[in-house]
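Visitor: I should like to go through this structure step by step, with the reasoning given for each answer. May we begin?

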Amino acid sequence: MTYEETIQYLYNSVPMFQNVGAAGYKEGLQNTLTLDEHFNHPHRSFRAVHVAGTNGKGSCSHTIAAMLQSEGYKVGLYTSPHLVDFRERIRINGKCISKQYVINFVKKERKFFEPLHPSFFELTTALAFKYFAEQKVDWAVIEVGLGGRLDCTNIIKPELSIITNISFDHTAFLGDTLAKIATEKAGIIKPETPVVIGETNEETKPVFENIAKQNNAPILFAEEVNLQEFDDIEFELKGSYQQKNRATILCAAKQLGISREAIKNGMANVCETTGLIGRWQTLSKEPLVICDTGHNVGGWQYLSEQIKQVPCTARRIVFGMVDDKDINTVMTMLPKDATYYWTQAETKRAISHEKVKETGKSHGLTGNSYPTVIEAYRAALSDSVPTDFVFVGGSSYVVADLLSENI
């Protein structure tokens, strides 16, 4: 099989949450443990940092990987979802896994895994751990897929656990209160293993404290740590929400004993060092075009304010969402003075552009709808003058469709 045929085989043969939602989610670790035993427990051969949370997981994971690389380590990075190419999920020192490795893995192992009927994420996690072990990485930064307690990454025994924040997302799987969601995320807290918590509130903080206490795990709340010693260090990621991530990352770096120089270099060069894309990413200056993968209520609490603060003659927003997100609450946060280009991404989970337009109209937002992201984006550009601001987002999939055409 070619690489393209191999990827299509993976997408079509095993359920993929990114494409089909709930049908691609498998609760429990049995398949993961079976795969792990088959590959001789590869995760035991490297030190790991485990990152969970509702928002900010990707930015934190990439930045910590960049710092560890700056310290001279060989660093594996496992994140999801991918935006343009499947191989973005699995990197070593910023370089994606090779196409040939993916082809060989599927060719050699399909007889073993096909009878298991693993989910796409279970199989991808096994692939990542095997690859990192064979390439002899010193460290791997592992981002949780969904939740924590029952996520298939949760077989690792990390040096440090990180939980960025808790807000409402994937409530069908994780629970309908912040305390329930926090309990699922806190499932990555391991016995006598330090944990850094990024943000808390009165519902979630007791959950983290109790589970850390049960595990005799040292717990550090980033909000309570004085980080003035790092005030002069610049963070390349410019989204306003990154200020919360910044504190989480710096606390984690201190806990890991990363040198100040490596912290400085890592934070200043995240994108180049690790290949991170889609986080308040500037695609054009005239007009200013920015895309961001923020896709839920927690993310939009920051994005909506930042969008409103960008100086411009007109705001033009290309926007679409997927069907398991709280589109009505997000709509209440969107700027009323913008012109909207409603759209839908190329995923079965996308809300139709007609329905997005209808929902926008019910919230007093005006604009036309377009069947593809590229059509919506081109319309926004066509309507723009050099001093306008075009924002593209609402879903990781909207950004993925855009970047597939533009990078």
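**A guided reading of the model**

Guide: In this predicted model, Asp-324 has a relative accessible area of 30% and is therefore partly exposed.

Visitor: Which residues are joined with Asp-324 into one network?

Guide: Salt bridges that share partners connect Asp-324 to its network. The members of that network are Asp-324, Lys-325 and Arg-349.

Visitor: How far apart are the closest N and O atoms of Arg-349 and Asp-324?

Guide: Arg-349 lies in the loop between strand E12 (339-342) and helix H15 (353-362), while Asp-324 lies in the loop between E11 and helix H14 (327-333). The pair thus links distant parts of the chain, 25 residues apart. In this salt bridge, the closest N and O atoms of Arg-349 and Asp-324 are separated by 3.0 Å.

Visitor: Is Arg-349 buried or exposed?

Guide: A residue counts as buried when its relative accessible area is under 20%. The value for Arg-349 is 3%, so Arg-349 is buried.

Visitor: Which residue forms a salt bridge with Arg-316?

Guide: Arg-316 belongs to strand E11 (residues 315-319), and its partner sits in the loop between helix H16 (373-383) and strand E14 (389-393), 72 residues apart. Arg-316 has 13% relative accessibility and so counts as buried; the partner, at 4%, counts as buried too. The closest N and O atoms are 3.0 Å apart, and the partner is Asp-388.

Visitor: How many salt bridges are there by this rule?

Guide: Side chains of opposite charge can pair when their charged atoms come close. The rule requires a side-chain nitrogen of Lys or Arg within 4 Å of a carboxyl oxygen of Asp or Glu. Counted in this way, the salt bridges number 13.

Visitor: With which residue does Glu-224 form a salt bridge?

Guide: Glu-224 is in the loop between strand E8 (219-221) and helix H10 (242-256), whereas its partner is in helix H9 (residues 205-214), 19 residues apart. Glu-224 counts as exposed because its relative accessibility is 53%, and the partner, at 23%, counts as partly exposed. With the closest N and O atoms 2.4 Å apart, the partner is Lys-205.

Visitor: What is the order of the six strands in the open sheet?

Guide: The pairing in this sheet is mixed. Its edge strands are strand E9 (281-285) and strand E13 (366-369), each of which pairs on one side only. Ignoring direction, neighbouring strands are turned by 20 degrees against each other on average. The order is E9-E10-E14-E11-E12-E13.

Visitor: Which residue in E14 stands opposite Cys-291?

Guide: Strand E10 (residues 288-291) and E14 run parallel and are joined by four bridges. Opposite Cys-291 in E14 stands Val-392.

Visitor: Which strands of the sheet does H16 touch?

Guide: Helix H13 (residues 297-309) lies across E11 and E14, running at about 150 degrees to E11. H16 packs on the sheet, and its direction makes about 175 degrees with that of E11. The strands touched by H16 are E10, E11, E12 and E14.

Visitor: Why is strand E1 largely enclosed by the rest of the structure?

Guide: Strand E1 (residues 47-52) is joined by five bridges to strand E5 (residues 139-143), and the two run parallel; in that pairing, Ala-48 stands opposite Ala-140. Four bridges join E1 to strand E6 (residues 160-163), also in parallel, with Val-51 and Ile-162 as bridge partners. E1 is largely enclosed because, of its six residues, the number buried is five.

Visitor: How many of the residues of helix H4 are buried?

Guide: Helix H4 (residues 57-70) reaches 20 Å from its first C-alpha to its last, close to the 20 Å expected. The helix is followed by Gly-72, whose phi is positive, near 100 degrees. H4 is mostly covered, and of its 14 residues the number buried is 13.

Visitor: How many disulfides does the rule give?

Guide: A disulfide requires two cysteine sulfur atoms within 2.5 Å. For Cys-152, which is buried at 5% relative accessible area, the nearest cysteine sulfur is that of Cys-96, 20 Å away. The sulfur of Cys-251 is 11 Å from the closest cysteine sulfur, in Cys-60, and so is too far for a bond. The count of disulfides is zero.

Terms used:
Residues numbered from 1 in each chain as written. Predicted model: local features only at pLDDT ≥ 70, side-chain atom pairs only at ≥ 80, totals over all residues. Heavy atoms only, no water. Buried < 20%, exposed > 50% of the residue type's maximum accessible area, 1.4 Å probe, protein only. Pairing = 2+ DSSP bridges. Axes fitted to C-alpha atoms, helices over the stretch in contact; angles between N-to-C directions. Contact = heavy atoms within 4.5 Å. Expected span 1.5 Å × (residues − 1).
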